[in-house]
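Please examine the sequence and the model below. The paragraphs that follow proceed from a single residue to a helix and then to the nonpolar interior.

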Amino acid sequence: MSLLADLTDGSVQDARSREAERPLADVEAAALAMPAARDAVAALSPAGRVKVIAEVKRASPSRGALAEIPDPAAQAAAYERGGAAVVSVLTEQRRFGGSLADLTAVKERVSLPVLRKDFIATEYQVLEARAAGADLVLLIVAALDQSTLERLYALIVELGMTPLVEAHSADEVARAASLGAALIGVNARDLSTFELDRDLFGRLAGGIPDGTIRIAESAVKEPADVAHYRAAGADAVLIGEALVTGDPVATLTRFLEAGS
């Protein structure tokens, strides 16, 4: 089993455990009762400089523990002060140390759209994302067959959220584009091996349809990385590790200047 498959399987198992305590019908009712989701497409639309999706991230399989982040809402508030356009919250528990409670706490503190970043493969996970306050939900093309990808994409849209569809190859970009996705991300990290390729975005960006917001994910450690992605056509970058291991406001300031 690949690492991506293992991560997805673990997230689905954890969701099933939550479903045993909170049935799907209850979560669906809570999701439908939520206020309208915030407009992520407007927040990330091109405006002369790269936008930043700033991530609340405690750990990763490749690096282990990164930061304790005892107060994810305070971390997110710092991102908002620093100029982030969207806050991403890793809710995967086993390898990233996140939770849906983190997402809810962040949503209650900031006025920015909030992304649930997890290994989503079931309708229950999408519904609990909306019930927890998510405005966007990540869908990883490599983790899903096309039928499941289309079904989950449609549910996210039906609930008023925005799907961020993540690809790692030309074929996956084409699958994402076939959905009509407004946001397509290219992850420089291969989630099967966790190897990084910073130039992958530039090779795949041409396959993303015009009018789609192009998002570069991973391999952003320094301002030069943001400038690199900007030159390759990125409208936004997703940054995690560099923001949780340093001063988030100062780091965001430098990165946004590099993306101007």
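In this predicted model, Val-141 occupies the loop that links strand S6 (136–140) to helix H7 (146–158). Its relative accessible area is 0%, below the 20% cut-off, and Val-141 is therefore classed as buried. Beyond residues up to four places away in sequence, Val-141 touches Leu-149, Val-165, Glu-166, Glu-172, Arg-175 and Ala-176. For one of these partners, Val-165, the C-alpha atom is separated from that of Val-141 by 6.8 Å, although the two residues are 24 residues apart along the chain.

Helix H4 (residues 72–82) is likewise mostly covered, with eight of its eleven residues buried. These are Pro-72, Ala-73, Gln-75, Ala-76, Ala-77, Ala-78, Tyr-79 and Gly-82. The elements against which the buried residues of H4 pack are strands S1 (51–56) and S4 (86–90), together with helices H5 (100–109), H11 (241–244) and H12 (248–258). After H4 comes Gly-83, which has a positive phi near 105°.

Tyr-79 also leads into the nonpolar interior. The largest nonpolar core comprises 71 residues, of which Tyr-79, Tyr-229, Val-237 and Ile-239 touch the most other members. Helix H6 (residues 123–132) supplies the largest share of this core, six residues. Tyr-229, leaving aside neighbours within four places in sequence, is in contact with Ala-188, Arg-198, Phe-201, Ala-216, Glu-217, Ser-218, Ala-219, Val-220, Ala-234 and Val-237. A second core, separate from the largest one, has 24 residues, among them Leu-7, Ile-53, Leu-90 and Ile-215. In soluble globular proteins, nonpolar side chains tend to be buried together.

How values were computed:
Residues are numbered from 1 along each chain as its sequence is written. This is a predicted model: local features need pLDDT of at least 70, side-chain atom pairs count only at pLDDT 80 or more; totals for chains, interfaces and linings use all residues. Side-chain values use heavy atoms; hydrogens and water are left out. Helices (H or I, at least four residues) and strands (E, at least two) are DSSP runs, numbered from the N terminus. Buried means under 20% relative accessible area, exposed over 50%, partly exposed in between (1.4 Å probe, protein chains only). Contact means heavy atoms within 4.5 Å. A nonpolar core is a set of buried Ala, Val, Leu, Ile, Met, Phe, Trp, Tyr and Cys residues joined through side-chain atoms within 4.5 Å.
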